[in-house]
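This briefing goes with the sequence and structure shown below. The points are grouped by topic.

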Amino acid sequence: MVPDISTGGRTYGLLVYLYGPGRRDEHIDPHIVAAWSPELAPDPGRDPAATLKQLTDRLDLPVLALPKDRRPARHVWHCPVRTAPGDRHLTDAEWGEVARRIVHATGIAEEGDDKACRWIAVRHADDHIHIVATLKREDGRSPRRHEDGIRAQAECRKIEREWGLQVLNQGDGTAAQCPTSAERSKAERTGRAEPPRETLREQVRQALAGAADEDEFFRRLTEAGLRLEKRVAPSGDTIGYKVALPGDRNRDGQAIWFPGSKLAPDLSLPKIRERLEVGTVDNESVPGGLVHQSSRPARARRNATHIAEQALTTLAGDHDGDIAAQLVGVGELLDAVAQTAPASTRKELAEAARTFERATRSHIRAEHADHRALRSAARGIVRAGNALGKGEDGGTTAMLLSTMVLVTVAAVRWHSARGHAQQAAAARQAAQHLRVAYRTAAATLMNTMRAQGRQLPAPARDRYAHTLEDALPTQADHLLCEPGWDALAATLAQAEQAGRDPETLLQRAIATHELDTADKPADVLVWRLRRIGELPAASIPAHARTNPRLHPPQPQAPKPTATDSAARRNTSSSHRPGPRR
């Protein structure tokens, strides 16, 4: 059950919408289910003689009774309340009880207070009602509605538990402000995919990702096409900022501005300065081995993978301040990856970054000095530019996403252990988006590596299988049955061709982080081996298949008979390791 509180200045206009057909003729049988006084509230949905003008006048009477200079400019309190998808349909009587409990909990009209605000609850659909109140009491005073949104949410959680409805996640006051109903309605009317508040929040976060200082942050905002206005003190110091979308104006033709603090609690200028004061470190290294010729986006992603693996170690620890800081850095890294992703994965990565931002905030204070490396990784990705969806760019994107899935899963576990329900749910949803993006990025590459792994001679495959059994005795059987085993064998073969010791390399990959939370442990090991061994992420070069140890010369086989051909057709193409010798 979701309440959504906003305020406005036109009672009549809101009632016209509630009693009207809706924007897509979705309103059915509009009528009042509860009111401050059923005898005094005319219902145009049930009484043919009642009019919207009469209902407006009754609601506005306490406001109009005041001198004009005491009337609030935004005197209309509006709270739609909607049940969750899958919940049963409530009766009119039940919706009436919901409305009375919410106006009581929020301070609009406490039970037994005959001087409270006037209000009504209108139902025009099966799954929700609209509570409308005017913000002057009968005695001329304003209602005490401090934190009315939080109190409405808490009352909805009680109702859900008492009535057997879906119990939604309890908030903790650290979430970003959601768009109001008016903002959503305007977005629909103007053909926008989403309200400007959400677009601006995403673009401001992307501008902040890896920014070195305040000037760079502001420059990125203007380069993204946003309107920017700084708030400057008499001393000349910048003390705030606000942004607007070009063309987003109110009915008077004025730009609609959003201060950073209204987009998200951590996007105010003081909070941004706290993050920027941490600075960045130059942690980009040029890999050697077979990947020294890779592109800048590929090198940046390979470097970010290493830093994300280090973050995994911190997330598994017990220092909450360090972990909270790492989650802030992970959010920046996701923002950086999303804005530079190839077209094939951009949508899913944008959703992952947008969803995960809720998991970056809780009441546990982050020690920002501990996420410099992640901020620097984000900066490196942004500065390297857009990645291609193929070749080494595509391979290192898959490499990074494989690790980021594990990072978000670790975030789920940490938030869940501390009762951060909304943050855990956000991290869980982000992990799902990352899994989809990973499958898209890795599909062609993994298919190529699997095909190359199946082409390895049986003795080489047996040797790598036994190496895996020695390194992971409890998980080897499962790994050998995974589709990714062939790609893992191909990776070990390429490492050996490059002069690496497969056994040592595999031990290092396993020691990097546990594999228990991985959906596809073989895939995870493939990308870890390729990063640690400085192997190409995209494919195995042809000369790797000429190693005489991997492909010993074979004696000339006699010409097969018809019986031999039939026997080979009945042999499985997969090859499990043979007995040890």
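How many aromatic pairs does the count come to? The count comes to three aromatic pairs, in a model that is predicted. The points below begin with these rings and go on to strands, a helix, two loop residues and a pocket.

**Aromatic rings and a charge over a ring**

- Phe217 and Phe218 form a tilted aromatic pair, with 5.4 Å from centre to centre and 45° between the planes.
- Phe217 has a relative accessibility of 0% and counts as buried, because the cut-off for buried is under 20% relative accessible area.
- Phe218 has a relative accessible area of 4% and is buried.
- Phe218 also pairs with Tyr241: the ring centres are 6.0 Å apart and the planes stand at 65°, so this pair is edge-to-face.
- This second pair links distant parts of the chain, since Phe218 belongs to helix α7 (residues 214-223) and Tyr241 to strand β8 (residues 238-244), 23 residues apart.
- Both Phe218 and Tyr241 are buried.
- Through ring pairs, Phe217, Phe218 and Tyr241 are linked into a cluster.
- Elsewhere, Arg463 places its charged end over the ring of Tyr464, at 5.0 Å from the ring centre.

**The sheet that contains β8**

- Strand β8, which carries Tyr241, belongs to an open sheet of three strands in the order β7-β8-β9, with antiparallel pairing.
- The edge strands of this sheet are β7 (227-232) and β9, each of which pairs on one side only.
- β7 and β8 run antiparallel and are joined by six bridges.
- Across this pairing, Val232 stands opposite Thr238 in β8.

**Strand β6 and its partners**

- Strand β6 (residues 128-134) is mostly covered, with seven of its seven residues buried.
- His128, His130, Val132 and Thr134 point one way from β6, while Ile129, Ile131 and Ala133 point the other way; all are buried.
- One partner of β6 is strand β4 (residues 76-82), paired in the antiparallel sense over seven bridges.
- In β6, Thr134 has Val76 opposite.
- Strand β5 (residues 119-123) also pairs with β6 in the antiparallel sense, over five bridges.
- Ala133 in β6 has Trp119 opposite.
- The connection from β5 to β6 is a hairpin through four residues.

**Helix α5**

- In helix α5 (residues 181-190), the buried residues are Ser181, Glu183, Ser185 and Ala187.
- The cover over these buried residues includes β4, α6 (196-208) and β9 (258-259).
- β4 is thus named both in the cover of α5 and as an antiparallel partner of β6.
- Just after α5, Gly191 has a positive phi of about 80°.

**Two buried loop residues**

- Thr83 lies in the loop between β4 and α3 (92-105).
- The relative accessible area of Thr83 is 7%, and the residue is buried.
- Leaving out residues up to four places away in sequence, Thr83 touches Met1, Leu90, Trp95 and Asp127.
- His513 is placed in the loop between α19 (502-512) and α20 (521-532).
- With a relative accessible area of 12%, His513 is buried.
- On the same basis, not counting residues up to four places away in sequence, His513 touches Leu312, Ala316 and Arg528.
- His513 and Arg528 are 15 residues apart along the chain, and their C-alpha atoms are separated by 10.0 Å.

**The second largest pocket**

- The second largest pocket has a volume of about 420 Å³.
- Its lining is made up of 21 residues, of which Asp266, Lys271, Arg361, Ser362 and Ala366 lie nearest the centre of the pocket.
- At least two residues of this lining come from each of α9 (269-278), α11 (320-339) and α14 (391-417).

Methods. Residues are numbered from 1 along each chain as its sequence is written. This is a predicted model: local features need pLDDT of at least 70, side-chain atom pairs count only at pLDDT 80 or more; totals for chains, interfaces and linings use all residues. Side-chain values use heavy atoms; hydrogens and water are left out. Buried means under 20% relative accessible area, exposed over 50%, partly exposed in between (1.4 Å probe, protein chains only). Two strands pair if DSSP finds at least two bridges between them. Contact means heavy atoms within 4.5 Å. Rings of Phe, Tyr and Trp (its six-membered ring) pair if their centres lie within 6.5 Å; planes under 30 degrees apart count as stacked, over 60 as edge-to-face and the rest as tilted. A charge sits over a ring if NZ of Lys or CZ of Arg is within 6 Å of the ring centre and within 35 degrees of the ring normal. On a 1 Å grid over the protein atoms alone, a cavity is a set of points where a 1.4 Å probe fits but cannot get out, and a pocket is an open set with protein on both sides within 12 Å along at least five of seven lines; lining residues have an atom within 4 Å of a point. Grid points are joined across faces, edges and corners, and a volume is the space filled by probe spheres set on the points.
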